[in-house]
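Grab a pencil and work through these exercises with the structure open beside you. Try each task before you read its solution.

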Amino acid sequence: MEKTGITMLPMRLASSLLASIALLGVGAPVASAAPAKKYHFELAAVTAKDEVKADVAKEAQPRIEAQVKKQFANHPQLVGDIGDAPNPDSKPDAYRKHLKSKGATAAYLVTVEITEASIEIVPEERKPGTQRISVHVGVHFLGENVPGRTMGFTGDGSATIKQEVGMKVRDKDREYTWDQAAEVAVDDAMKTVFKQLAVPAKKQ
């Protein structure tokens, strides 16, 4: 008789094994993690440190601001639009209640500072007839609790983006490199912010 590789167990033994498996929780559904908290961020301003050259800051500021607004509107942990909210200064309790109704745990007024910004265009020595654009950006986020304007969080991000171009640098090449650097630096800062917010507050 050909062996099939299947061994038949006595009914009592099979029942006992099934009971043991059930007790061990094999096949039981895994509890899902608690949903991430959501927040509301309001942009106060995007400024540049005095050390950043004025002409470079002029290129960096609008791109950083555009990326910050994009993140605030689309980040999965942010509630972008909270509608017509009560005044947080004169009606703080009503404001907090309104936030909660919109699914937000807390709100922050955020100031973004450009701490570093530079652009360099140099010949590519290994590839005659080409150049390299290198843009570096550093940003610092400061979030204040609303209402109250007490310290909420900080976050830092930076990026260096390099792009190979021809001997004639087109405006769109320059703009693309700036846009990419701004996007990566802001994304980097946002990650540090949410790591901070994920840490449970210390009990007083």
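**Exercise 1. Find what covers helix 3, and say which way the helix faces.**

Start with the cover: strand 1, strand 2 and strand 3 are among the elements over the buried residues of helix 3. Contact here means heavy atoms within 4.5 Å, and buried means under 20% relative accessible area, exposed over 50%, partly exposed in between (1.4 Å probe, protein chains only). Helices (H or I, at least four residues) and strands (E, at least two) are DSSP runs, numbered from the N terminus.

Before going on, a word on the ground rules. This is a predicted model, where local features need pLDDT of at least 70 and side-chain atom pairs count only at pLDDT 80 or more, while totals for chains, interfaces and linings use all residues. Residues are numbered from 1 along each chain as its sequence is written, and side-chain values use heavy atoms, with hydrogens and water left out.

Step 1: list the buried residues of helix 3 (residues 92-101), which are Y95, H98 and L99.

Step 2: look down the axis of helix 3. Its buried residues fall within an arc of 100°, so they line one face of the helix. (The arc is that of the directions from the helix axis to the C-beta atoms.) The general background: an α-helix has 3.6 residues a turn, so residues three or four places apart point the same way.

Step 3: flip to the face turned away from the buried side, and you'll meet the exposed residues D93, K97, K100 and S101.

Step 4: see what follows helix 3. That's G103, with a positive phi near 90°.

**Exercise 2. Work out which elements build the largest nonpolar core.**

Step 1: get the term straight. A nonpolar core is a set of buried Ala, Val, Leu, Ile, Met, Phe, Trp, Tyr and Cys residues joined through side-chain atoms within 4.5 Å.

Step 2: count. The largest one has 35 residues, and F41, I64 and F141 have the most contacts inside it.

Step 3: see who contributes. At least two residues each come from strand 1 (39-48), helix 2 (54-74), strand 2 (106-123), strand 3 (130-146), strand 4 (151-166) and helix 4 (171-197). Helix 4 gives the largest share, 10 residues.

Step 4: check for another core. One of 8 residues lies apart from it, with Y95, A104, A107 and V146 among its members.

**Exercise 3. Trace the aromatic rings around Y39 and F41.**

Step 1: learn the rule. Rings of Phe, Tyr and Trp (its six-membered ring) pair if their centres lie within 6.5 Å; planes under 30 degrees apart count as stacked, over 60 as edge-to-face and the rest as tilted. That gives 7 aromatic pairs.

Step 2: take Y39 and F194. Their pair is tilted, at 6.3 Å centre to centre and 50° between the planes. Y39 sits in strand 1 and F194 in helix 4, so the pair ties together parts that are 155 residues apart in sequence. Y39 is buried at 5% relative accessible area, and F194 is buried at 10%.

Step 3: take F41 and Y108. This pair is edge-to-face, 5.9 Å centre to centre with 85° between the planes. It links strand 1, home of F41, to strand 2, home of Y108, 67 residues apart. Both residues are buried.

Step 4: put them together. Y39, F41, F72, Y108, F153 and F194 form one aromatic cluster.

**Exercise 4. Inspect the hairpin of strand 3 and strand 4.**

Step 1: look at the pairing. Two strands pair if DSSP finds at least two bridges between them; strand 3 and strand 4 run antiparallel and are joined by 15 bridges. As an example, V139 has G157 in strand 4 as its bridge partner.

Step 2: recall the usual backbone. Most residues other than glycine have a negative phi, and most peptide bonds are trans.

Step 3: spot the exceptions. V146 and P147 are joined by a cis peptide bond, with omega about 0°, and P147 is in the loop between strand 3 and strand 4. R149, in that loop too, is not a glycine, yet its phi is positive, about 55°. R149 is partly exposed, at 47% relative accessibility.

Step 4: finish with the glycine. The hairpin has 4 residues between the strands, and G148 takes a positive phi near 115°.
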